[in-house]
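I wanted to look up where empty space is enclosed in this structure, and then to check a few backbone angles. These are my notes, in the order in which I took them.

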Amino acid sequence: MALIGRRVDSDALNEPLIASVARWAAEMPSTPAFTFVDYAADSERHTLTWGQVHRRARAIAARLREVAEPGERVALLMPQGLEYLTTMIGALYARLIAVPLFSPDLPGHADRLIRAYGDADPSVAVTTTAALPQVERFLDEQSAPRPKDVVLADAVAVSLAASWQGEELALDDVAYLQYTSGSTRAPAGVQITHRNLTANALQVWTGYEARPGETVGVSWLPLFHDMGLILSLALPLVHGNHVVLTDPVAFVMQPLRWLELLSEQDDVVTAGPNFAYEYCASRVTEEEKARLRLGGVRVALNGAEPIRPGTVSGFADAFGEAGLRSEAQSPGYGLAEATVYVTSKTRGEPRFTAFDRAALTEGVARPGTDAVLVSCGTPTGQAVAIVGPETRAEVPDGQVGEIWVNGPNVSPGYWRNPAKTAEVFGAVLEDPADGLPAEGWLRTGDLGVVHEGELYVTGRIKDLIIIDGRNHYPQDVEVSAQQAHEGIRRDHAAAFAVSGEDGERVVVVAERGRRGEGVPVEDIARAVRRAVNAVHELRVDDFVLVEPGGVPRTSSGKIARSACRERYLAGTLPVVP
């Protein structure tokens, strides 16, 4: 079964999106483009107009081309801020390949940074004066050669802009490398072309029917992550709209800040992973809610799987009295290999559908009561097909298969990895239905089903737990495990299978919550085994309780099951004694 999205303006796809900066700088030089709210400095706000953005980006382009040639990589080892955005634009002006990374002092992501930096092999690194000591230390510790230069973005003289004449950009040139969050493998550099970037921004704007010059973007998402980069950088370029952003740490410290920024706007688009909406609903007090005005939220995209029905309904219940419209919540699906955005629920209220759990394990989405999934809607400007992984042909509506994507937003492949590129990109669809291309399909590795014209994501192929011929989705097992005992930290459990002498063995690793302190591990393990067996008819062969932070997560907050499995087998998990 396939879904073919609404079309986007084909004429707009003929010019690189980044060229829009010069247009808005000429047409509305004094109009705000980007505002950064610095909560670490007493909530100071720093704003750049379109004219200022263009000048700063041209200066960065001129400085970078003093030390690098077109096609070379430039690594952004920078904290979140306005310099990050102008450096990205400047690198693209200079026809360099940007590598959006982060400052080495960001906690919890050291391995990912080392792998991504080494894979990209950048010629130049860009950072800020404040972050330079950490960057120098990081570069000294790498086995790869040092870059030719380390540029301080905040020290580049704006006067250099006058020396930059501008160069023509080709749509199929690689604009940047988006390193995946590594939920099932080591980070891989996805090549995002100017065509990909332009198409995905247009697809999002068309899908959400945002208004030029009026709709404001608000984000705390990391700029090195695909969703954060598209929301904060790409979307405002389409029609010269304004974006207000802050740092992820500011959100984690006080989630109310995100909602307060949303309350300032009459027409606003935002996004976040599933955990962010749960976090807000659980942490914001009734007194704080009374001060919020969320009627201007046009779209609140929930873009991290699994999207839980309880999260969507809980967020609606928590902030309905603050004016949040139920239809503003937009569950969606995407991945870096498609730039980011693939499908979302763009019209009407979120849709929950109850399926039969036993049937889902057999690959069929049959109506039932015990497995409620959230619709991820339909695509815009691209096609989605549900395909049999072995047959490479579409499966009927209601049958689970692999999600394939085809559109101008699909990347040409991975950086310097032709074998993996051949496996994932350019798949051929057997006997395609009318209106569908046969070639150029992206194999996502995700499982899904089309039900009544909308996409439901059921899991990842590599994460499936297959016992006695039945498929079990790990996210379902994880929910059963965390609900089994209050001593388990919510949304911090990983379920996976390992090979044993008698076949596959099921393992559940969970973090200890505050209410688990002093509780015997055996009591928690017994409760988990009982719950998983009752709900899934599945035996948990090993249960491991670990200290908080012991279950690895990706940069977007997803459970990194493969990494957890590797640490389990290596015996390096911080096990609670």
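**Enclosed spaces**

I began with the second largest cavity, whose lining is made up of Trp258, Leu259, Leu262, Thr270, Tyr277, Leu294, Val297, Ala300, Phe315 and Leu324. I took a cavity to be a set of points, on a 1 Å grid over the protein atoms alone, where a 1.4 Å probe fits but cannot get out, and lining residues to have an atom within 4 Å of a point. Two or more of the lining residues come from each of helix 9 (256–263) and strand 13 (297–302), and helix 9 gives the most, with three. I noted that this is a predicted model, in which local features need pLDDT of at least 70 and side-chain atom pairs pLDDT 80 or more, while totals for chains, interfaces and linings use all residues. Residues are numbered from 1 along each chain as its sequence is written, and side-chain values use heavy atoms, without hydrogens and water.

For the largest cavity I found a volume of about 110 Å³, a volume being the space filled by probe spheres set on the grid points, which are joined across faces, edges and corners. Of its 14 lining residues, Trp205, Thr215, Leu231, Leu235 and Val269 are the closest to the centre.

**A backbone angle**

I then turned to Asp42, where phi is near 60°, a positive value in a residue other than glycine. Asp42 is exposed, at 72% relative accessible area (buried is under 20%, exposed over 50%, partly exposed in between, with a 1.4 Å probe and protein chains only).

Note on methods: 1 Å grid on protein atoms, 1.4 Å probe; cavity = no way out; pocket = protein on both sides within 12 Å on 5 of 7 lines; lining within 4 Å. Helix = DSSP H or I, 4+ residues; strand = E, 2+ residues; numbered from the N terminus.
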